[in-house]
Amino acid sequence: MATAVTGPTGFLGLRLVRALLDRDHDDSLILLAHTGSTAAIDRLSCFLTAAGAGPRRTEELLRRVRIVDVDVARPRLGLTEAAFEELADQIDVLWHSAASTSLSGELADLRRVNVDGTRHVLELAAAGARRPVVHHVSTAFVVGRRSDPVIYEDDLARPADGFETDYEHTKYDAEVLVHEWSAATGRPAVVYRPSILVTDQPPRPDLPEQTLTAVTRAIVTVAALAVDRGLGTGPRDPGRVQTIRIVGNPRASWNMMPVEDAARDMVRIAQRVRPRGVATFHIVHDENLPVSTLCELLESQLAVRMQLVADYPRDPTAIEELIYRIPGFPRYLEHRHVFDDTRARTTLGERTSDTRVDRDYLLSAIGAATAPRTRDALGDQDLDQALSERLRAALAPEGAR
Ligand SMILES: NC(=O)c1ccc[n+]([C@@H]2O[C@H](COP(=O)([O-])OP(=O)(O)OC[C@H]3O[C@@H](n4cnc5c(N)ncnc54)[C@H](OP(=O)(O)O)[C@@H]3O)[C@@H](O)[C@H]2O)c1
């Protein structure tokens, strides 16, 4: 049986590939890797080695994969008609994990990869003689700003709710396409909605990083620069702890799911579920983490005090203004969503994640988000511009830095 996977070199994609290879020992995988990116096989090999597979096991696993270069944003994934049809006819199961995951991405770019990309992948599934089941990786955040405290697995954003980021919006549109495709073709699809995926594994420059690292790096960068320059709430005083006021709810909380557990659970669900139309599963942790824990974590790493306030300060400091430029991030400090995962639990028949995500776990997770040396490189540059550039660089995807 042949399983094809888009986005196999991503933060989640690599773990998904590993879980799929571990599951069916005779299956082959067709990795639909992004054309023009770092050689997919090198990234996978590097990941397997870092995950402790050992040279012989790595070689054994790599023998079962075949790479096809694609660009999901292009019609027929950028393949010729003949190559597209030939590929379609080889696939029994199709996982779609490729996406543009940039929280600061331009809407048009996000749309091309996340919405058009999903449409092209669904066309691949429709063209295949073996009528593959589609497994679509979405996100728990497709509910956008929906204010209900509990989000159920069949909930989606309502038109009036809006979205925190364009990324969320395009993932929502992609999920809608999956529903339309299933209704139009009468074919089944499984939708997985992970929350924020995290790992406590040490980061490596040659592997994709987690979102939390990029966001933390941005905050740490801004905060470190501000503290260094005395840009906090008062006059410059290196010994003084600066206060950063951010609009947030002290009772806000985030759901963070270890990525290894997420990949394992998604593959297990895929083995067990036989949907008629679309079946959607929350891939989430048992417990939300209070946002106050994240604030304490930052305070422990920096000479700052994070203060969650009800309204945007009338006299924002330079650092507070900059923090508000981190796309989406400040809004999430008000989120209190609990993602109900009854369907996932019922299907799995067991706890979805047994890894404890707490302060120590997050400390390892953000360990890499080190502040840059702040005294260097700024020179006589306009400070605001310098901070903005740092912020943009900190938020850019790994390869773009
Ligand atoms: N990470 C999270 O916290 C999280 C949470 C919820 C849901 N999700 C969802 O999970 C899925 C995987 O996310 P991830 O964390 O693995 O993201 P990621 O690390 O950014 O990986 C994205 C993958 O998509 C590929 N890709 C991007 N543009 C492409 C294109 N035009 N054509 C073909 N492939 C393309 C990338 O290849 P290159 O790297 O080679 O460009 C990479 O393999 C996404 O659908 C995302 O929305 C992620």
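Student: In this predicted model, at roughly what angle do the axes of helix H1 and helix H8 cross?

Tutor: Let's place the two helices to begin with: H1 covers residues 11-23 and H8 covers residues 259-272. Their axes come within 9 Å. The crossing angle is roughly 50 degrees.

Student: Are H1 and H8 parallel, perpendicular or oblique to each other?

Tutor: Good follow-up! Angles under 35 degrees count as roughly parallel, and 65 to 115 as roughly perpendicular. The axes of H1 and H8 cross at roughly 50 degrees. The two helices are therefore oblique.

Student: How many nonpolar residues does the contact of H1 with H8 have?

Tutor: On the H1 side you will find Phe11, Leu12, Arg15, Leu16, Ala19, Leu20 and Arg23. They meet Val259, Glu260, Ala263, Arg264, Met266, Val267 and Gln271 in H8. Sorted by class, one residue of this contact is polar, four are charged and nine are nonpolar.

Student: How are H5 and H6 oriented, roughly parallel or roughly perpendicular?

Tutor: Helix H5 (residues 107-127) packs with helix H6 (residues 166-185) at an angle of about 20 degrees, and their axes are 9 Å apart. Angles under 35 degrees fall in one group. H5 and H6 are therefore roughly parallel.

Student: How many charged residues are in the contact of H5 with H6?

Tutor: H5 contributes residues including Leu107, Arg111 and Arg119, while those from H6 include Asp166, Lys171 and Asp173. By class, the contact of H5 with H6 has 11 nonpolar and four polar residues, and the charged ones number five.

Student: What about H4 and H5: is the crossing left-handed or right-handed?

Tutor: Helix H4 spans residues 81-88, and its axis comes within 8 Å of the H5 axis. The axes cross at roughly 65 degrees, which makes H4 roughly perpendicular to H5. As H4 passes H5, the crossing is right-handed.

Student: Which residues of H5 make the contact with H4?

Tutor: Start from the H4 side, where Phe84, Leu87 and Ala88 take part. Across from them, the H5 residues are His120, Glu123, Leu124 and Ala127.

Student: Now the ligand! Which residues around the ligand are the closest?

Tutor: Altogether, 28 residues surround the ligand. The closest are His34, Ser37, Thr101, Tyr167 and Lys171.

Student: Which residue has a backbone N or O atom 3.0 Å from a nitrogen atom of the ligand?

Tutor: Let's go through some backbone contacts. A backbone N or O atom of glycine 10 is 3.1 Å from a ligand oxygen atom, and a polar backbone atom of valine 137 is 3.4 Å from an oxygen atom of the ligand. The residue paired with a ligand nitrogen atom at 3.0 Å is valine 72.

Terms used. Residues numbered from 1 in each chain as written. Predicted model: local features only at pLDDT ≥ 70, side-chain atom pairs only at ≥ 80, totals over all residues. Heavy atoms only, no water. Axes fitted to C-alpha atoms, helices over the stretch in contact; angles between N-to-C directions. Helix = DSSP H or I, 4+ residues; strand = E, 2+ residues; numbered from the N terminus. Parallel < 35°, antiparallel > 145°, perpendicular 65-115°, else oblique. Contact = heavy atoms within 4.5 Å. Nonpolar A, V, L, I, M, F, W, Y, C, P; charged D, E, K, R; others polar. Near = heavy atom within 4 Å. Polar contact = N/O pair within 3.5 Å; in protein donor to acceptor, adjacent residues only side chain to side chain. Left-handed = near helix turned anticlockwise from the far one by under 90°.
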